[in-house]
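Me: Could you take a close look at one part of this model for me, the aromatic residues and the strands around them? I would like one connected account rather than a list.

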Amino acid sequence: MRIVVTGGSGKAGRWVVADLRERGHDVLNVDVRHDGSGHGLCILADLTDVGQALELTAGADAIVHLAAIPAPELRAPAETFRNNAVSTYNVFAAAEANHVGRVVWASSETVLGLPFDTPPAFAPIDETIEPRPESSYALSKAVGEEMARQFARRTSIPFVGLRISNIMEPPDYERFRTWQDDPLLRKWNLWGYVDVRDVAQAVRRGLEADVRGGDVFIVAARDTAMTRPSAELMQAVYPSVPLRRPIDGRETLLSIEKARGGLDYAPEHEWQAELTRR
């Protein structure tokens with residue numbers, strides 16, 4: 001396929017672009033920063049300009065939309081919302097105008113209510129929980145999910161939203177050792193994370209899966225960032241939050257069951273195993 005990846009120079013984007021190219025796809029990276037690849041493989045653009053979005057996605061079989069200000073604290077709240085919401089709308093509108101076959105895009109775990117200063121309604125959290133965006137960044141992602149549903153209703157294009165957990169690259173795992181004595185340090189996302197290589201896998205699965213409409217899937221690792229069992233963590237930090245089912249050992253509290261079933265997502269990387277191999 002000819003795939004346009006927006007934000008392909010970012011933390012997740014670099015791995016997504018490499019993964020898709022390794023599998024023979026023709027991938028164009030559209031970003032505000034060059035990724036160092038050869039001529040014609042990366043184009044600098046401002047996707048808040050709808051004309052650029054239209055031009056650069058023409059002829060694409062699929063779009064992977066990762067471009068965004070990637071966290072709440074990096075810019076002023078209004079600028080974060082404006083950039084993320086407008087660029088997402090423009091990419092989705094370009095997909096419709098250019099008759100693109102599929103859009104896979106990065107939503108965020110933050111729409112679930114992060115940081116969980118107010119305890120979640122239940123755990124493990126899944127896609128049935130009511131969204132509760134607590135920052136302009138999270139709000140921009142929640143608005144993106146509504147936009148995806150609207151565009152999917154109006155077109156025959158599947159819009160696959162990935163509610164991606166806190167992305168980690170292999171060198172990041174050394175930091176996990178420093179969190180083990182205090183469960184409060186990572187309670188803000190129920191101790192969740194996801195390996196960047198599994199993000200690339202989830203994107204690829206999203207491009208291949210039999211998905212219709214505008215749907216969303218939580219994407220996380222199989223385990224948590226802690227060595228303590230997950231049920232113990234919940235009892236220690238969130239004793240009033242009901243557990244909807246028994247929790248097996250250190251399994252993630254951001255449920256990936258929907259992604260397993262709908263996308264055939266199967267995370268392969270866990271932080272303890274990565275550290276053991278070093």
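Reply: Phenylalanine 92 is a good place to begin, because its relative accessibility is 0%, and under 20% counts as buried. Please keep in mind throughout that this is a predicted model.

A search of the whole structure gives eleven aromatic pairs. In one of them, the ring centres of phenylalanine 92 and tryptophan 105 lie 5.5 Å apart with their planes at 75 degrees, so this pair is edge-to-face. The pair links distant parts of the chain, since phenylalanine 92 belongs to helix 3 (residues 77-97) and tryptophan 105 to strand 5, 13 residues apart. Tryptophan 105 is buried as well, with a relative accessible area of 2%. Another edge-to-face pair is formed by tryptophan 191 and tyrosine 238, at 6.3 Å centre to centre and with 65 degrees between the planes. Here, too, distant parts of the chain are linked: tryptophan 191 is in the loop between strand 7 (167-168) and strand 8 (194-195), while tyrosine 238 is in the loop between helix 6 (230-237) and helix 7 (257-263), 47 residues apart. Both tryptophan 191 and tyrosine 238 are buried.

Returning to phenylalanine 92 and tryptophan 105, ring pairs join these two with Tyr89, Phe151 and Phe159 into a cluster. Phe159 leads on to strand 6, where phenylalanine 159 is the bridge partner of valine 103. Strand 5 and strand 6 pair in the parallel sense over four bridges, and together with helix 4 they make a right-handed β-α-β unit.

Strand 6 (residues 159-164) is largely enclosed by the rest of the structure, because six of its six residues are buried. Phe159, Gly161 and Arg163 point one way from this strand, whereas Val160, Leu162 and Ile164 point the other way. Strand 6 also pairs in the parallel sense with strand 9 (residues 214-219), over six bridges, and in that pairing isoleucine 164 stands opposite valine 219.

Finally, glutamate 109 is found in the loop between strand 5 (102-106) and helix 4 (136-154). Among the residues that glutamate 109 touches are Arg163 and Ile164 of the strand just described, along with Trp188, Asn189 and Leu254. Glutamate 109 is buried yet has no salt bridge, and the nearest side chain of opposite charge, that of arginine 186, is 6.4 Å away.

Note on methods. Residues numbered from 1 in each chain as written. Predicted model: local features only at pLDDT ≥ 70, side-chain atom pairs only at ≥ 80, totals over all residues. Heavy atoms only, no water. Helix = DSSP H or I, 4+ residues; strand = E, 2+ residues; numbered from the N terminus. Buried < 20%, exposed > 50% of the residue type's maximum accessible area, 1.4 Å probe, protein only. Lys, Arg positive; Asp, Glu negative; His and termini not counted. Salt bridge = Lys/Arg side-chain N within 4 Å of Asp/Glu carboxyl O. Contact = heavy atoms within 4.5 Å. Pairing = 2+ DSSP bridges. Right-handed = clockwise from strand over helix to strand, strands pointing away. Phe/Tyr/Trp six-rings, centres within 6.5 Å; stacked < 30°, edge-to-face > 60°. Lists of a residue's contacts leave out its neighbours within four places in sequence.
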